[in-house]
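Here are some short exercises to work through with the structure open beside you. Try each task before reading its solution.

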Amino acid sequence: MEALRPKPLVDALDGKRQPSPPIWLMRQAGRYLPEYRALRSQVPTFLDLCFTPELAAEVTLQPIRRFHFDAAILFSDILVIPHALGQRVSFEAGEGPRLEPIGDRAGLERLRPEADAAALAPVYETVRRVKAELPPDVALLGFCGAPWTVATYMVAGRGTDDQAPARLFAYRDPEGFAAIIETLVQASAEYLIGQLEAGVEAVQIFDSWSGVLPPEQFRRWCIEPTAALVARVRAKVPKARIIGFPRGAGASLLPYVTDVPVNAVSLDWMVDRVFARDQIQRRLPVQGNLDPLALLTGGAALDRAIETVLEAFAAGPFIFNLGHGILPETPIAHVEQMLRRVRG
């Protein structure tokens, strides 16, 4: 029997430094690719694309065929969980997601106590389809939104500059807000378990709005719920590999990695790299943190930015990535330039 080929990204998550860091990009399956735009034009809505396994699998595989990244990430969206809980969710062209806002405890009554498993079943089928087609050295990642970040959209009904509606809800009625968070912890845990059982090799928890909270609120609404989420997943899948991404956490990264037992932490482009190397990477592998605007710029500026990231983190267990998602207007040639530079 042929020996299994090593998967560099899985090895990095297990704490093994790689001669050349494995690389994937957040939102690598998306609008910057012409093949994605062509496929997206064939379906009425974004959620139709997410919930049609044949199409979602194709979108997941597109950047692997073009760039041979070291990981494919499931094509879906963090707001499939509110959808499965019974909240109305839609995506407006050029405006982002729209949800029926939950402004108070009365809004909670419109939610199901548990996510509808049938609504999420197509996602697991997508995982199985992608798994069957991936090259043997490419890892498959799943994901969910962190409870705090998903709650901000559920409360406001959309993204805002500072997610003030959710912050106000949490201040005015912490018990009511905690009920939303607990529902999301439970639903998100089951969702990640389903992805892991379907075949993903690691999952990432996106807390894209963690940076809007002061430290004490960060602990209550980001650290504690994410730790509870990880515990629920590991109770069912003990060896689950989990990446945390508390975007904008800054110095709160240290208590995050101390109290949330993730295998690796993803770094945004705003973090102090010396702090992240000396205080975070010595504890666990790190991922990131190229500025998406540097990738958009290309040329010498991109080369310099890549070298800065590699100089900071390549001596330890490290996964090269962006500090957030790739911008839709990013030229493909710049992605190719980045790959040549990172892979030497």
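**Exercise 1. A residue and its surroundings**

Task: Which residues does Gln204 touch, leaving out those up to four places away in sequence? Is Gln204 buried or exposed?

Solution. Keep in mind as you go that this is a predicted model.

Step 1: Skip residues up to four places away in sequence, and the contacts of Gln204 are Trp24, Met26, Gly142, Phe143, Cys144, Ile243, Phe245, Ser266 and Gln287.

Step 2: Find where the residue sits; Gln204 belongs to strand S5.

Step 3: Apply the cut-off for buried, under 20% relative accessible area. Gln204 has a relative accessible area of 0%, so this residue is buried.

Step 4: Pick one contact and compare sequence with space. Gln204 and Ile243 lie 39 residues apart in sequence, yet their C-alpha atoms are 4.5 Å apart.

**Exercise 2. Following the sheet**

Task: In what order do the seven strands of the open sheet come, and where does strand S6 pair?

Solution.

Step 1: Walk across the open sheet, and the order reads S1-S4-S5-S6-S7-S8-S9, with parallel pairing. The edges are S1 (71–73) and S9 (318–322), each of which pairs on one side only. From one strand to the next, the twist averages 25°.

Step 2: Look at the helix on this sheet. H10 (residues 174–198) packs there and touches S4 (139–145) and S5 (202–207), and its direction makes about 170° with that of S4.

Step 3: Now take S6 and its partners. S5 and S6 run parallel and are joined by five bridges; in this pairing Ile205 stands opposite Gly244 of S6. S6 (residues 242–246) also pairs with S7 (residues 264–266), in the parallel sense and over two bridges. There, Ile243 has Ala264 of S7 as its bridge partner.

Step 4: Check both faces of S6. Ile242, Gly244 and Pro246 point one way, Ile243 and Phe245 point the other way, and all are buried. That agrees with the tally for the strand: five of its five residues are buried.

**Exercise 3. Into the core**

Task: Which residues of the largest nonpolar core touch the most other members, and which element gives this core its largest share?

Solution.

Step 1: Among the 133 residues of this core, Phe177, Leu290, Phe320, Val335 and Met338 touch the most other members.

Step 2: H10 provides the largest share of the core, twelve residues.

Step 3: Zoom in on Leu290. Beyond its neighbours within four places in sequence, its contacts include Trp269, Leu302, Ile306, Phe320 and Met338.

Step 4: Set this against a general tendency: in soluble globular proteins, nonpolar side chains tend to be buried together.

**Exercise 4. One helix, then the whole chain**

Task: How many residues does helix H11 have, and what is the radius of gyration of the protein?

Solution.

Step 1: H11 (residues 215–236) has 22 residues and reaches 31 Å from its first C-alpha to its last, close to the expected 32 Å. Its buried residues include Phe218, Trp221, Cys222, Leu229 and Val233.

Step 2: Step back to the whole protein, which has 16 helices and nine strands. Its radius of gyration is 19 Å, close to the 20 Å that the globule rule gives for 344 residues, so the protein is as compact as a globular protein of that length.

Step 3: Add the overall dimensions: the C-alpha trace spans about 55 × 45 × 45 Å along its principal axes.

Step 4: Finish with burial, as 59% of the 344 residues count as buried.

Terms used. Residues numbered from 1 in each chain as written. Predicted model: local features only at pLDDT ≥ 70, side-chain atom pairs only at ≥ 80, totals over all residues. Heavy atoms only, no water. Helix = DSSP H or I, 4+ residues; strand = E, 2+ residues; numbered from the N terminus. Expected span 1.5 Å × (residues − 1). Buried < 20%, exposed > 50% of the residue type's maximum accessible area, 1.4 Å probe, protein only. Pairing = 2+ DSSP bridges. Axes fitted to C-alpha atoms, helices over the stretch in contact; angles between N-to-C directions. Contact = heavy atoms within 4.5 Å. Core = buried A, V, L, I, M, F, W, Y, C linked by side-chain atoms within 4.5 Å. Rg over C-alpha atoms; globule rule 2.2 N^0.38 Å.
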